[in-house]
Amino acid sequence: MSEQQVEGRDTRSRIQAVALELFTEQGYDKTSLREIAERLGVTKAALYYHFKSKEEIVESFMGDQTARIEKLIEWTTEQPRTLAARKEFLRRYADSMMEVQHHKIMRFFERNQATMKDRRPAKDFRGRMQGMIDFLVDADATPGRRLRASMALFTLHACWFVLDPDKISDEERMKTALEMAYELIEG
């Protein structure tokens, strides 16, 4: 990868991070591209080079997240539907959440539910979640088993909102959530 490509990718990542921060702090509707550019210390024209709209920014960070989830779902197609494989899937999903600070994206959606609920990135994510739940249960699973599987995934997300970051490290938080997720799919 050339130096220019690396610089472009770094700029893109910085824009995503700053936009995500502002969208979460102020709300998606109340944040302008001008504010994102100002926080980055770049001109609006420089920002436009990478993204033409706020929607493009959201689609980009959700696209990155979706690609990671798609890779995990693809992995599941090659795995037996065993408890060990399901636990490994949950571990891999938890690891991917830690790598990209997925919790920030979830907090963005939580704080912008009304605005984002009917947009394509949110709908796409809900579809991916269904694919993950499908791997965690057998095709003939009872509604209770299906709910437990969805709660296992939700536990990995909820730990970022429920467990106090001042009292527990990110690693401990995810370890605790993963243990609970395992219990949910084992039951």
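**Close-up views of a predicted model**

**Figure 1. Lys87 meets Glu186 in a salt bridge.** In this predicted model, the closest N and O atoms of Lys87 and Glu186 are 2.4 Å apart. Lys87 belongs to helix H5 and Glu186 to helix H10 (residues 170–186), so this pair ties together parts that lie 99 residues apart in sequence. How exposed are the two partners? Lys87 is partly exposed, having a relative accessible area of 22%. Glu186 also counts as partly exposed, at 40% relative accessibility.

**Figure 2. Arg86 and Asp138 form a salt bridge.** Here the closest N and O atoms are 2.9 Å apart. Arg86 sits in helix H5 (residues 83–100), while Asp138 is found in the loop between helix H8 (120–136) and helix H9 (143–162), so their contact ties together parts 52 residues apart in sequence. Is Arg86 buried or exposed? With a relative accessible area of 9%, Arg86 is buried, because the cut-off for that class is under 20%. Its partner Asp138 counts as partly exposed, at 39% relative accessibility.

**Figure 3. Four charged residues share a salt-bridge network.** Which residues take part in this network? Take a look at Glu88, Arg91, Arg92 and Asp95, which are linked to one another by salt bridges. For context, the count of salt bridges in the model comes to twelve.

**Figure 4. Arg39 and Glu21 join in a salt bridge.** The N to O distance between these side chains is 2.4 Å. Where do the two residues lie? Arg39 is in helix H2 and Glu21 is in helix H1 (residues 3–26), and the pair links distant parts of the chain, 18 residues apart. Arg39 counts as partly exposed, with 40% relative accessibility. Glu21 is partly exposed as well, its relative accessible area being 39%.

**Figure 5. Helix H2 has four buried residues and is followed by a glycine.** Within H2 (residues 33–40), the buried residues are Leu33, Ile36, Ala37 and Leu40. Why do they fall on the same side of H2? They cover an arc of only 100° around the axis, which places them on that shared side. The spacing helps to read this view: an α-helix has 3.6 residues a turn, so residues three or four places apart point the same way. Just after the helix, do look at Gly41: this residue follows H2 and has a positive phi, near 75°.

Definitions and conventions: Residues numbered from 1 in each chain as written. Predicted model: local features only at pLDDT ≥ 70, side-chain atom pairs only at ≥ 80, totals over all residues. Heavy atoms only, no water. Buried < 20%, exposed > 50% of the residue type's maximum accessible area, 1.4 Å probe, protein only. Arc of directions from axis to C-beta.
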